[in-house]
Amino acid sequence: MGKIMRVNMSKLKITTEDPKEYQGLGGRALSSTIIAKEVPPTCDPLRGLNKLVIAPGVLSGTNAANSGRLSVGCKSPLTGGIKESNVGGNTSQPIARLGFSGIVVEGLAEQGKWYILHLTKEGGKLLPGDEYRGLKNYELAEKLQSRFGEKVGILSIGPAGEMKLSAATVASTDVDGFPCRHAARGGPGAVMGSKGLKAIVVDDTGGPGVSIVNPEKFKEGAKRFAKAVVDYPFSGTLKKFGTNFLVAPINAAGGYPTRNFREGTFEGADQVSGEYMQEVIAKRGGKPSHMGCSTCVIHCSKVYVGEKGEYITGSFEYETIWAQGANLGISDLDSIAWADRLCDEYGLDTIEMGQALGVAMEAGVKKFGDAKGALELLEEVGKGTPLGRILGSGAWVTGKVFGITRVPAVKRQGMAAYEPRAIHGIGVTYATTPMGADHTAGWTVGRNLAAMGGDLHPHKADGQVDASREAQINVAAMDSTGLCNFVNPAIGDTAGAPEAGPAFLEMMSALHGSPVDFDKLKALGEKILKLERDFNAKAGFSKVDDRLPEFMKQEKIPPHDVTFTVPDEELDRLFNF
Amino acid sequence: MVRVNVKLFATLTRHFPDYDPKKGIEVEMNEGGTVEDLLHTLNLSKNEAKNVFINGISKKITDRIQDRDQVKIFTLIVGG
């Protein structure tokens, strides 16, 4: 178990401590526990009482496969509730290897002053950062790499974070050093910006590493685990087509939200699918399969290039391609890639921005399908014009400003690329998770669609609340391990990957030096969810916040012509555990 | 006999070297056949072909195939 570093931006002081109460916690378990314990739930997210917690998962920093996930926690300026936003890349591992379980950024720097936090084996140092003010993420990363070394990991904010916009992200560099991976949801970049922290540079050279109680056992478990993940067929699908392989099946199910959730199938799906993208990348000489995050053995990442082979963007994912594509009626993959790049440059959540632009198009600011217009709107955000700042505040604010009621958001956070009327299970998660509409908080899509062996009807309420509860508890625990979401299917598939689950438990047990089983993990997941929910209750949330927007209960979505039919009292049962 | 059009996605196309994603594959099978029979006809393993949609609805392995059905077959669907 590593130490906790506290970075006080008001006093410009750094201290290190070893608090017993946070022993053994990592990732979301640590970030949410610290926020719940130390941040007043009613505080203003952009003032000094809020904290930004950066916590590698417990397996991060070891050689366990796919263990590079970092949790970024705070009170969210977007939702007003607790937030943990999760990111891969190359920053989680080195923070852990420097011997830290968490970095807690507190207070506010003097207004107008900017700082860089430099983490090395000597500890942390706050350096003046005024010279980096206003820089976009790519140029910033380049400058910091040339100053501090090519191999450093960098967490940073772009102009959106400096402007404290609610859709602002904390960017993480990927394995190649590009700032294309983001702790994006819920505005953690705005909190980092409010504190005057422009970037965190991590250099783990000579760091002590992560202490493992039984290193031999760990090594054995890690080896078995990596093999089980690599051999799992789903890993092969991800490697070949990336997360964007989902376009075809979700579109086929009528669950691919199109033109601001007016329709459930997109006529341009073939031009934005994983299969098509794969062809384009291969033809142009991009990287069709690529390691985006440290220790990854799956390689779902893609590097997307232009017609002349020039780099446009990395980490070009299903959610982004949908948000900036089908949700806006746009099927030009190059233009969507540029939208992703702009969001990465400014430090904006691609999902929230897709929603905000969708709502703006609904209002007639631009027409659906106007690819050039969409990029212009994103540029407005980067420039900080009044329109840009409205959009950068997310879909809900944009809806208010333009008088639009078809705003697909819960707790003021925009939904992801699964239509909740066509896939009820994900609707239950959107409605009830403490995070606001978040697909990663309890991914029940498979159980709604995999009819072979699956058990739930996607247009019916039966069983959906129980399925979502189970998924939410499970993911809360897994978000604490530092493992990527995409190893979960193997861990859960006792028939298809019988080695994965036991190998995972073997690693966890060897790490802590005491037996870890799925019951213990379930108990951890329940504890995290409850404390997050409790924070939200104290922040003023009640059951009326656990609802989908009204239009989804009233307007039928084609092609299945269905509304969301899970009764309110069913949703209220979710937290009965 | 019933005739159906089958489209394959992700890694499933590797079993059909000449597969054309625009046309898919035309399959003829006996009346009363099920999803399982269709997979058998195509020589696809149940472990790989995890998700079958017919006319936009996710189907069970025991469901029957009708004439002119539009069938889409996917691998395991897991996401995030």
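This passage walks through the predicted model, from the sheets and core of chain A to its contact with chain B and then chain B itself.

An open sheet in chain A is a handy place to start. Its six strands come in the order E8-E7-E12-E9-E10-E11, and the pairing is mixed. The edge positions go to strand E8 (123-128) and strand E11 (181-183); each has a single partner strand, so one side of each is left without a neighbour in the sheet. Ignoring direction, neighbouring strands here are turned by 20° against each other on average. Inside the sheet, strand E7 (residues 115-120) and strand E12 (residues 197-202) of chain A run parallel, paired over five bridges. In that pair, Tyr115(A) sits opposite Leu197(A) of E12(A). Helix H3 (residues 137-148) of chain A packs on the sheet, where it touches E7, strand E9 (153-156), strand E10 (170-172) and E12, and its direction makes about 140° with that of E9(A).

A hairpin turns up earlier in chain A. Strand E4 (residues 70-75) and E5(A) pair in the antiparallel sense, with six bridges between them. Lys75(A) is found opposite Ile82(A) in E5(A). Six residues lie between the two strands, and Gly80(A) in this hairpin takes a positive phi near 80°. As for E5 itself (residues 82-87), six of its six residues are buried, so the strand is largely enclosed by the rest of the structure. In a regular strand, side chains alternate between the two faces of the sheet. Both faces of E5(A) are covered: one side carries Ile82(A), Glu84(A) and Asn86(A), the other Lys83(A), Ser85(A) and Val87(A), and all of them are buried. The buried set thus takes in Glu84(A) and Lys83(A) alongside Ile82(A) and Val87(A).

Nonpolar side chains in soluble globular proteins tend to be buried together. The largest nonpolar core in the model holds 205 residues, and the members touching the most others are Phe225(A), Ala500(A) and Met507(A). Once neighbours within four places in sequence are set aside, Ala500(A) is in contact with Phe225(A), Ala228(A), Val229(A) and Tyr232(A), as well as with Ala490(A) and Ile491(A). Phe225(A) therefore appears both among those three core members and among the contacts of Ala500(A).

Helix H16 (residues 395-402) of chain A is another spot worth a look. Its buried residues are Ala395(A), Trp396(A), Val397(A), Thr398(A) and Gly399(A). They pack against two helices, H13 (350-362) and H15 (386-391), and two strands, E16 (409-410) and E17 (413-414), of chain A. Right after H16(A) comes Gly403(A), with a positive phi near 70°.

The contact between the chains draws 32 residues from chain A and 23 residues from chain B. On the chain A side, helix H7 (233-241), helix H8 (247-252) and helix H18 (445-449) are the elements giving two or more residues. H7(A) gives the most, with six residues. By type, this side of chain A splits into 20 nonpolar, ten polar and two charged residues.

Chain B has one helix and five strands, arranged β-β-α-β-β-β from the N terminus on. Its radius of gyration is 12 Å, close to the 12 Å that the globule rule gives for 80 residues, so chain B is as compact as a globular protein of that length. Along the principal axes, its C-alpha atoms fill a box of roughly 35 × 25 × 20 Å. Buried residues account for 35% of the 80 residues. Among contacts in chain B with a separation of 6 or more, 65% join residues 24 or more positions apart.

Notes: Residues numbered from 1 in each chain as written. Chains lettered and ligands numbered in written order. Core = buried A, V, L, I, M, F, W, Y, C linked by C-beta atoms within 7 Å. Buried ≥ 20, exposed ≤ 12 C-beta atoms within 10 Å, placed from the backbone. Contact = placed C-beta atoms within 7 Å. Helix = DSSP H or I, 4+ residues; strand = E, 2+ residues; numbered from the N terminus. Nonpolar A, V, L, I, M, F, W, Y, C, P; charged D, E, K, R; others polar. Pairing = 2+ DSSP bridges. Axes fitted to C-alpha atoms, helices over the stretch in contact; angles between N-to-C directions. Rg over C-alpha atoms; globule rule 2.2 N^0.38 Å.
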